[in-house]
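Please look through the sequence and the model below before reading on. The paragraphs after them lead from the confidence of the prediction to the ligand and then to the cavities.

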Amino acid sequence: MTPSPSLLDRARARIPGGVNSPVRAFRGVGGEPFFVRSAAGCRITDTDGRELIDFVGTWGPAILGHAARPVIDAVREVALQGTSFGIPNPLEVEMAELLCDWVPSLEKVRMVNSGTEATMSCVRLARGFTGRDLVVKFEGCYHGHVDSLLVQAGSGALTHGRPDSAGVPAALADLTISLPFNDPDAVRAVFASEGARIAAVLLEPVPANAGLYFPEPGFLETLRDLCTQYGALLVFDEVMTGFRVARGGVQELAGVMPDLTALGKVIGGGLPVGAFGGRAEIMDQLSPDGPVYQAGTLSGNPLAMAAGLAQLRELDRIDGWARLETLGATLETLVRSTLSDLGLPLTFHRIGSMFCLFFTEGKIRSLAEAKRSDRDRFARFFHHCLRGGVYLAPSQFETGFLSTAHTPEDLEETARVMHEALRAAF
Ligand SMILES: *Cc1c(COP(=O)(O)O)cnc(C)c1O
């Protein structure tokens with residue numbers, strides 16, 4: 001008798017790599033991904049019935065934990081009225097008002113279906129508004145799989161980008177200039193030579209897709225000043241940080257106002273949602289009022305709006321950001337004491353409920369510095385944690401997420417597992 005093929009075999013036969021998004025394939029750590037049957041609170045249950053404490057939180061959206069009651073109830077209630085109308089519905093207006101109320105730089109906003117769509121739309125709008133073509137981005141910042149943003153690095157400040165993906169035409173990649181993060185002189189130099197051609201400077205104001213690191217004091221302000229001086233738009237990609245680090249995102253914490261903002265992840269309560277918005281004068285360039293085309297059959301979908309509104313309002317109601325800060329501080333204390341017990345000079349970064357343990361010492365302020373991490377050791381650590389019941393993101397270059405559903409006891413259990421895993425990894 002031949003054994004029946006596993007889910008993974010079946011997936012690999014019909015889905016490229018067996019996954020619908022590459023990082024799920026565990027290539028960064030080796031081994032094979034597991035399949036999830038269900039999730040509740042801070043725990044996910046795999047198809048073998050094993051429970052894991054989850055620090056991925058579906059890559060950020062699950063800020064109240066999985067299957068949060070207010071979100072599930074809202075989706076259930078709204079679904080009974082119909083799943084999509086393709087004509088305005090009241091929830092879209094409620095969402096737009098809430099976003100403009102909470103995110104300091106937003107005057108008008110449009111809903112889309114993913115973070116990728118949000119950043120893609122920001123780039124087109126910035127180009128349409130300024131009448132310019134060049135986009136400046138930063139090495140290690142991820143903005144979704146938009147053609148002209150899948151460009152990581154050129155050598156030297158003025159080198160134009162090379163595509164990070166096959167299928168991105170060189171002609172498009174040439175319109176992207178990729179610079180090292182936290183290097184204001186590199187940005188100044190690019191503006192000095194190309195300033196009149198730059199439509200936008202796009203960044204994760206707290207980069208969280210190459211590990212997690214922070215803008216040095218003054219860096220965001222410098223970008224703001226240069227954009228203003230040269231008539232380029234400053235675009236914050238807050239798909240990850242929006243509603244995560246604070247109610248109003250990094251822009252609220254830093255007090256630096258972008259012209260456009262891309263949002264996603266937490267905004268949808270686990271449903272596929274993104275949004276972008278900014279100054280009314282810019283947003284009014286969008287179709288049907290203006291010449292920049294942008295559209296979506298399912299944009300503003302009532303289920304997605306209901307899930308997102310329920311999640312955001314619940315976070316606000318329970319003062320979620322203060323709770324997340326307390327939980328984050330607890331985890332940080334536990335991890336730091338483990339590191340000092342074991343005498344391991346690793347680098348731990350945290351902002352609120354986002355964290356990253358780099359397997360290297362010293363300052364990390366850029367992709368180049370993050371890349372010093374020992375990825376083999378991280379992989380061993382990851383697999384030991386997984387065996388111990390703790391699920392971290394399967395790559396050194398991802399950020400961990402806490403939810404309001406994690407308890408101090410969950411974090412103590414996690415620290416115990418991490419302690420063992422670190423001993424085993426070194
Ligand atoms: C996840 C992410 C995106 C892409 O969002 P998708 O919904 O996966 O398309 C864009 N920017 C940042 C900063 C992200 O973290």
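What follows is a walk through this model, beginning with how far it can be trusted.

The model is predicted, with local features requiring pLDDT of at least 70 and side-chain atom pairs counted only at pLDDT 80 or more, while totals for chains, interfaces and linings use all residues. Residues are numbered from 1 along each chain as its sequence is written, and side-chain values use heavy atoms, with hydrogens and water left out. The protein chain has a mean pLDDT (the predictor's confidence in each residue, from 0 to 100) of 95, and 96% of its residues reach 70 or more. Over residues 153-159, however, the pLDDT is below 50.

The ligand is surrounded by residues that include Ser114, Gly115, Glu204, Asn209 and Asp237, where a residue is near if one of its heavy atoms lies within 4 Å of the molecule. Two oxygen contacts involve side chains: a polar side-chain atom of Thr116 lies 2.6 Å from an oxygen atom of the ligand, and a polar side-chain atom of Lys265 also lies 2.6 Å from an oxygen atom of the ligand. On the backbone side, a polar atom of Tyr142 is 3.2 Å from a nitrogen atom of the ligand.

Away from the ligand description, the model can also be searched for cavities, meaning sets of points on a 1 Å grid over the protein atoms alone where a 1.4 Å probe fits but cannot get out. There are two cavities of 30 Å³ or more, and the largest has a volume of about 160 Å³, a volume being the space filled by probe spheres set on the points.

Methods
Contact means heavy atoms within 4.5 Å. A polar contact is a pair of N or O atoms within 3.5 Å; within protein, one must be able to donate a hydrogen and the other to accept it, and residues adjacent in sequence count only if both atoms are side-chain atoms. On a 1 Å grid over the protein atoms alone, a cavity is a set of points where a 1.4 Å probe fits but cannot get out, and a pocket is an open set with protein on both sides within 12 Å along at least five of seven lines; lining residues have an atom within 4 Å of a point.
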